[in-house]
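User: I'm new to this structure and would like to know how its descriptions are reached. Could you walk me through the reasoning?

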Amino acid sequence: MNRVARRIEVALRSLDLGIPESAYSTDFLGTVNKGLRQLGLPILNDLENPSAMMVTAIRLEALV
């Protein structure tokens with residue numbers, strides 16, 4: 001898995017938003033966007049934009 005995607009996943013799991021762990025392996029983008037919506041953060045359109053993913057990782061890590 002991409003290193004930045006892993007940072008996003010770890011931060012979301014640390015925030016304990018009630019998202020099941022199995023959801024990350026079945027629909028990663030949908031699961032991440034669900035967590036971002038719960039936190040009031042902008043969602044990701046896709047996983048192909050490294051700068052948007054890095055910004056998301058930094059924002060989530062700041063909340064942890």
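Analyst: Happy to! Let's begin with a definition: buried means under 20% relative accessible area, exposed means over 50%, and partly exposed lies in between, with a 1.4 Å probe and protein chains only. This is a predicted model, where local features need pLDDT of at least 70 and side-chain atom pairs count only at pLDDT 80 or more, while totals for chains, interfaces and linings use all residues. Residues are numbered from 1 along each chain as its sequence is written, and side-chain values use heavy atoms, leaving out hydrogens and water.

User: Which residues of α1 are buried?

Analyst: In α1, they are V4, A5, I8, E9, A11 and L12. Their arc around the axis, taken from the directions from the helix axis to the C-beta atoms, is only 165°, so they lie on the same side of α1. Helices themselves are DSSP runs of H or I with at least four residues, strands are runs of E with at least two, and both are numbered from the N terminus.

User: Why does E9 count as buried?

Analyst: E9 has 4% relative accessibility, so it counts as buried. This residue sits in helix α1.

User: What makes the link between E9 and R13 a polar contact?

Analyst: A polar contact is a pair of N or O atoms within 3.5 Å; within protein, one must be able to donate a hydrogen and the other to accept it, and residues adjacent in sequence count only if both atoms are side-chain atoms. The side chains of E9 and R13 are joined at 2.5 Å, so the pair fits that definition.

User: How do you know that the span of α3 agrees with what a helix should have?

Analyst: The expected span is 1.5 Å times one less than the number of residues. For the twelve residues of α3 (residues 28-39) that gives 16 Å, and the end C-alpha atoms are 17 Å apart, which agrees.

User: What do the buried residues of α3 pack against?

Analyst: They pack against α1 (3-14), α2 (21-26) and α4 (50-63), where contact means heavy atoms within 4.5 Å. F28 is one of the buried residues in α3.

User: Why is the pair of Y24 and F28 called tilted?

Analyst: Rings of Phe, Tyr and Trp (its six-membered ring) pair if their centres lie within 6.5 Å; planes under 30 degrees apart count as stacked, over 60 as edge-to-face and the rest as tilted. By this rule there is one aromatic pair. Y24 and F28 are 6.4 Å centre to centre with 50° between the planes, and therefore tilted. Both Y24 and F28 are buried.
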